[in-house]
Amino acid sequence: MSDSRRPHTGRRRNEAARRAILDVAVDLLGRDDGAPVTIDSLAAAAGVGKQTIYRWWPSKGAVLLEAMAERAGTDIPVPDTGTLRGDLEAFLAATFRGAGQRLTASVLRNSMAEAQRDPHAREHMRAFVESRRRVLTGLLERARDRGEIAAGADLALMVDQVYGVLWYRVLVGHGPLGDAQAAELARALSDQAAARLGDAAG
């Protein structure tokens, strides 16, 4: 009887350790206080050994990337203002503020570089990117259902425009990511959608 319970107990203990690591990583991302984040510091704060971290993630960047996905789900709620422009502005403002933080931007840059070299890191990056794209696509689909976006509009291209701006500014670092940029991009995309509707009606 006791032998049959051991695997289940082990799985619970392993999942608790994994959860502790992610919680620590999320907390460190939120602090953004300039302190370096290393595998050693993650392991110490979570109360686990380094090998426990490597059991689930190939690198520090992969841990932080998953933690960022969790933070995004909490810190970037999906707005429902009733208008495409309002929804986009709220969503982009929260997204750009998060990505513009020093530590978050550094993790994004390093994770993207790592993804070019390591297939495992690439899979983590792809999963992170797809999760954020799905959220924005859902926002655009609601606007399409309200009649603010033409039925034949390429929603994937609209998503590309949003994240193209974000990634270009994160990777190149030539311009800010903040509320002003979010408002301008939201205006441009909603105007683009309105123009497409006008063309379809004409």
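Let me start with Ser 190, which counts as buried in this predicted model, because its relative accessibility is 12% and the cut-off for buried is under 20%. Ser 190 has its place in helix H9, which covers residues 179–201, and if we leave aside residues up to four places away in sequence, Ser 190 touches Leu 84, Arg 85 and Leu 88. What lies 2.9 Å from a polar atom of the side chain of Ser 190? That is the backbone oxygen of Ala 186, so for this buried serine, at 12% relative accessibility, we can name a polar partner as well as the residues that it touches.

The second residue I would like to show is Val 162, which sits in helix H8, residues 155–172. Is Val 162 buried or exposed? With a relative accessible area of 1%, Val 162 is buried, and, again not counting residues up to four places away in sequence, Val 162 is in touch with Leu 92, Phe 96, Leu 136, Leu 185 and Leu 189. As a further distance for orientation, Pro 176 is 14 residues from Val 162 along the chain, and the C-alpha atoms of these two residues are 14 Å apart.

Let me now move from single residues to the domains. The chain is divided into domain 1, residues 15–67, and domain 2, residues 69–201, and the centres of the two domains, taken over C-alpha atoms, are separated by 26 Å. How many residues are in contact across this boundary? On the side of domain 1 there are 20, and they are in contact with 16 residues of domain 2. The size of an interface is often given as the accessible area lost when the parts come together. Here domain 1 and domain 2 bury about 1,400 Å² between them, and 59% of that area is on carbon and sulfur atoms.

Turning to the polar side of this interface, the rule finds 1 salt bridge across domain 1 and domain 2, and a salt bridge in which the side chains of Arg 19 and Glu 70 meet has an N to O distance of 2.5 Å. Across the interface there are also 8 residue pairs in polar contact, with both residues at pLDDT 80 or more. On the side of domain 1 that touches domain 2, the elements giving two or more residues are helix H1, residues 2–31, and helix H4, residues 60–75. By class, that side of domain 1 has 12 nonpolar, 4 polar and 4 charged residues.

Conventions: Residues are numbered from 1 along each chain as its sequence is written. This is a predicted model: local features need pLDDT of at least 70, side-chain atom pairs count only at pLDDT 80 or more; totals for chains, interfaces and linings use all residues. Side-chain values use heavy atoms; hydrogens and water are left out. Domain bounds come from an automatic or database domain assignment. Contact means heavy atoms within 4.5 Å. Buried area is the accessible area (1.4 Å probe) that two parts lose on being put together, summed over both. A salt bridge is a side-chain nitrogen of Lys or Arg within 4 Å of a carboxyl oxygen of Asp or Glu. A polar contact is a pair of N or O atoms within 3.5 Å; within protein, one must be able to donate a hydrogen and the other to accept it, and residues adjacent in sequence count only if both atoms are side-chain atoms. Helices (H or I, at least four residues) and strands (E, at least two) are DSSP runs, numbered from the N terminus. Ala, Val, Leu, Ile, Met, Phe, Trp, Tyr, Cys and Pro count as nonpolar, Asp, Glu, Lys and Arg as charged, and the others, Gly among them, as polar. Buried means under 20% relative accessible area, exposed over 50%, partly exposed in between (1.4 Å probe, protein chains only).
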